[in-house]
Amino acid sequence: MKNSRITKIQKLMIFIIILLIITIVFLVYNIKNFKQEEEIIIERYYYSETVVPSYIDGITITTHFLNKSSDRRPSEHRLIKYIVVHETDNRNIGTGALKHSQYLTSNSDNINGWHYTVDDHIIYHNIPDNEIAWHAGDGRSEDGGNMNGIGIEMAVNVDGDYDKTLENSVKLIVYLMHEYELDINDVKLHKDFSGKICPHKLITENKAGIFYDMIKKEYFLKYQTDKFLKEGK
Ligand SMILES: [Zn+2]
């Protein structure tokens, strides 16, 4: 009787030990995998200046990075948490994306800068995605728009087609969301960070809701998933 009881206890002990070993192996394997995955993400994004191709749905994207000596390009690397949407507030004739790209590249005695400018037919990329830029009006706020956001300026020149500019911006935003695994909550307006009424036209004409709906629709059409489109995560 006594022997048999010991055997039962021993069996139970062996079972528990095996269970523990399996649990430990499982945990170690997963932690290792998780770390590798994290390293791949950091490797991929921390060091990549751009992920956009030369064309998105027929819209040309011209990359012309500011010289590293420009005050507008602090050249500080970071990971990307947000896309920050702005408007140029420049309604003058001819002040589309090209003019703003030229403004950024030729006028370097100001610190203000942003990553992309979009108009009704073209997109310019002037600061690498993986670098900070001064566009959100929130200084060095740790979780802020300057330190973590890709700044996109939408042109509002009177001779441009504003609705087409919105469409082109949506295509760029959706592309960046997918590449950087951002969700709809990570797409912010400048106003969200500093309170400035920017993007001015989008806000004052009550088009922000429509704009977000356009982003969600385009994302779903392009990638056939709503994984990154859930509100209030
Ligand atoms: Zn702004």
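The largest nonpolar core of this predicted model holds 39 residues, and Ile83, Ile152, Ile173 and Met177 touch the most other members. Many elements feed this core. At least two residues each come from β3 (82-87), α2 (97-106), β4 (116-118), β5 (122-125), β6 (149-154), α4 (162-179), β7 (187-189) and α7 (208-223). Helix α4 gives the largest share, eight residues. In soluble globular proteins, nonpolar side chains tend to be buried together.

Take Ile83 as a way in. Beyond its neighbours within four places in sequence, Ile83 is in contact with Gly149, Ile150 and Ile152. Its contacts also include Ile173, Leu176 and Met177. Leu182, Asp186, Val187 and Lys188 complete the list.

Now step back to the sheet. It is open, has seven strands and mixes its pairing. The order runs β1-β2-β5-β4-β6-β3-β7. Strands β1 (55-56) and β7 form the edges, each pairing on one side only.

Work inward from β2. Strand β2 (residues 59-63) runs parallel to β5, and four bridges join the two. Within this pair, Ile61 sits opposite Ile123 of β5. Helix α2 lies across β4, β5 and β6. Its direction makes an angle of about 15 degrees with β5.

Next comes β6. How many of its six residues are buried? Six of the six are, so the rest of the structure largely encloses this strand. In a regular strand the side chains alternate between the two faces of the sheet. In β6, Gly149, Gly151 and Glu153 point one way. Ile150, Ile152 and Met154 point the other way. Both sets are buried.

Strand β6 has parallel partners in β3 and β4. Six bridges link β3 and β6 in the parallel sense. Three bridges join β4 to β6, also running parallel. Glu153 of β6 appears in both pairings. It is the bridge partner of His86, and Thr117 stands opposite it.

Then look at helix α7. Does its length fit, or not fit, a rise of 1.5 Å a residue? At that rise its 16 residues should span 22 Å, and its end C-alpha atoms are 22 Å apart, so the two values agree. Just after α7, Gln224 takes a positive phi of about 55 degrees.

Two loop residues are worth a stop. Pro74 is found in the loop between β2 and β3. Is Pro74 buried or partly exposed? A residue counts as buried at 20 or more other C-beta atoms within 10 Å, and as exposed at 12 or fewer. Pro74 has 16, so it is partly exposed. Leaving aside neighbours within four places in sequence, Pro74 is in contact with Glu131 and Ile132. Pro74 and Ile127 are 53 residues apart in sequence, with their C-alpha atoms 9.6 Å apart in space.

Ser141 lies in another loop, between β5 and α3 (145-148). With 14 other C-beta atoms within 10 Å, Ser141 is partly exposed as well. Ser141 and Lys217 are 76 residues apart in sequence, and their C-alpha atoms are 32 Å apart in space.

Finally, consider the chain as a whole. The domain assignment gives domain 1 (1-46) and domain 2 (52-223). Taken over C-alpha atoms, the centres of domain 1 and domain 2 are separated by 47 Å.

Conventions:
Residues numbered from 1 in each chain as written. Predicted model: local features only at pLDDT ≥ 70, side-chain atom pairs only at ≥ 80, totals over all residues. Core = buried A, V, L, I, M, F, W, Y, C linked by C-beta atoms within 7 Å. Contact = placed C-beta atoms within 7 Å. Domains from an automatic or database assignment. Pairing = 2+ DSSP bridges. Axes fitted to C-alpha atoms, helices over the stretch in contact; angles between N-to-C directions. Expected span 1.5 Å × (residues − 1).
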